[in-house]
Amino acid sequence: MLLGLCNNFAYVVMLSAAHDILQKQESHNTTTPTPAPNGTNTEIIKSSRYDCSPVSTAVSLPCLSFSLSFLVSPVQTCPTFKCKLKYLFRVLVCFFTAVVSFLMVSFSSTILMSIFGVVFASISSGLGELSFLSLSVFFSRDVLSGWGSGTGAAGVAGALLYSAFTQAGLTPQVTLWIMLVVPVILAVSYFFLLVFPSSFPQWRRHEDGHSASRVINSQERRPLIEEEADEDTETTQEEQEDKHIRPLSFTDKIYIMKGLLKFIIPLGVVYFAEYFINQGLLELLYFPDSRLSHAEQYRWYQTLYQIGVFASRTSLVCFKIRKIFLMSLLQCVNAVLLAFAVYYQFLPNPWVVFIIVLYEGLLGGAAYVNTFFFIREETAKREREFAMAAASVGDSLGIALSAAAAFPVHHYFCSL
């Protein structure tokens with residue numbers, strides 16, 4: 001759970017800070033306005049009925065597609081020590097890119113520098129997601145539920161802490177500096193707190209050095225020779241199976257990906273719809289009569305969305321939902337509803353949007369955790385590690401495509 005929380009934290013903060021990041025760049029880049037011939041200030045006149053930023057908050061979304069590149073040669077079932085070093089390397093990359101993202105965004109003076117900061121955050125989150133999902137196959141199925149709860153908690157913690165710190169008067173820059181502690185917790189959790197099972201090949205050598213003494217101790221403690229023989233035979237067979245598993249070929253991967261489409265497509269649609277809402281529409285749903293400022297409304301939209309995600313990702317211990325396509329359909333309904341709400345402005349206050357956004361988060365979180373649960377359950381052991389990583393393409397691709405849709409929509413509404 002702790003790894004999931006730390007892994008997604010940086011990117012969630014970037015999404016919550018998106019409006020503030022753009023406002024900061026606007027204030028830095030604003031030049032002295034040129035008076036018009038009639039004496040009016042041309043910079044103050046707004047040609048749009050919306051309180052729009054020159055650049056959409058969706059500017060942060062295409063960056064997540066960088067995580068797709070790591071699937072070119074994903075870690076697959078590979079029982080050698082050398083292969084498992086890739087996990088160690090990937091965790092180090094996640095740590096350093098998260099640190100760089102916080103520093104770049106906090107010190108940025110241009111939109112381009114901020115975008116690169118978000119790129120590093122998305123690389124950290126995307127690479128960490130496919131790596132830790134692959135790693136989860138070596139543990140019990142309960143670990144997947146913990147991972148889902150942790151990633152959901154990252155949303156709540158990141159959005160709430162950012163909103164709370166900035167609401168308390170801290171600048172976004174100082175808030176991002178404080179949050180540098182999170183990547184450190186990620187590294188400490190993986191290298192010092194995580195207890196690896198014996199099935200994880202990276203640590204098997206260390207255990208094999210003590211195998212003789214363990215066998216002797218087990219012989220002293222077990223009086224029943226038949227039971228001992230059965231268990232030893234079962235363990236030996238399992239170890240030999242792992243040693244002789246051949247790497248997946250390119251053809252194997254294509255075959256597995258075809259089987260995963262029934263999960264990847266609905267998950268991608270869910271994430272396309274919800275990130276189109278979050279980064280394309282919510283910025284435009286501003287209620288001037290509310291006591292909350294535009295930036296505060298946007299922050300709480302993101303916070304409530306993350307609360308819904310956390311609640312539904314934790315629900316796996318209570319119930320499972322097999323029909324992911326129903327959640328993708330309902331999420332599309334949300335996107336259409338809020339698009340009409342932006343255009344016709346018929347919603348009375350932000351509280352109605354708060355409820356819709358919370359519901360949106362419930363759908364997104366449930367789709368995510370149930371997708372990976374059923375992939376784990378329905379995939380052969382040999383294919384499971386690759387399948388878990390490959391399926392993460394669904395949400396990454398959906399998010400990346402949502403940016404392509406959000407940019408023109410933002411431009412259209414801001415031109416009205």
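Which helix does I185 lie in? Hold that thought for a second, everyone, and note that what you have on screen is a predicted model. The answer is helix α7, and I'd like to use that residue as our way in.

I185 has a relative accessibility of 35%, so it counts as partly exposed, falling between the 20% and 50% cut-offs. It also belongs to a nonpolar surface patch, together with L2, L92, F96, V181, V184, V188, F191, F192 and L193. The accessible area of that patch adds up to about 900 Å². Two elements give two or more residues to it: α3, covering 81-107, and α7, covering 181-193. Helix α7 makes the largest contribution, with seven residues. As a general reminder, an α-helix has 3.6 residues a turn, so residues three or four places apart point the same way.

Now let's step back to the whole chain. We have 16 helices and zero strands here. Of the 416 residues, 50% are buried. The chain exposes about 19600 Å², and 66% of that comes from carbon and sulfur atoms. If you take the contacts with a separation of 6 or more, 84% of them join residues 24 or more positions apart.

One last stop, for those of you who like a geometry check: helix α5, residues 142-167. With 26 residues at 1.5 Å each, α5 should span 38 Å, and its end C-alpha atoms sit 37 Å apart, so the two values agree. After α5 comes G169, which has a positive phi, near 115°.

That's my tour, thanks for listening!

Methods. Residues are numbered from 1 along each chain as its sequence is written. This is a predicted model: local features need pLDDT of at least 70, side-chain atom pairs count only at pLDDT 80 or more; totals for chains, interfaces and linings use all residues. Side-chain values use heavy atoms; hydrogens and water are left out. Helices (H or I, at least four residues) and strands (E, at least two) are DSSP runs, numbered from the N terminus. Buried means under 20% relative accessible area, exposed over 50%, partly exposed in between (1.4 Å probe, protein chains only). Contact means heavy atoms within 4.5 Å. Accessible areas come from the Shrake-Rupley method with a 1.4 Å probe; for residues, only the protein chains shown count as cover. Patches are made of residues with over 30% relative accessible area and no salt bridge: like charges are joined within 9 Å, nonpolar side chains (Val, Leu, Ile, Met, Phe, Trp, Tyr) within 5 Å. A salt bridge is a side-chain nitrogen of Lys or Arg within 4 Å of a carboxyl oxygen of Asp or Glu. The expected span of a helix is 1.5 Å times one less than its number of residues.
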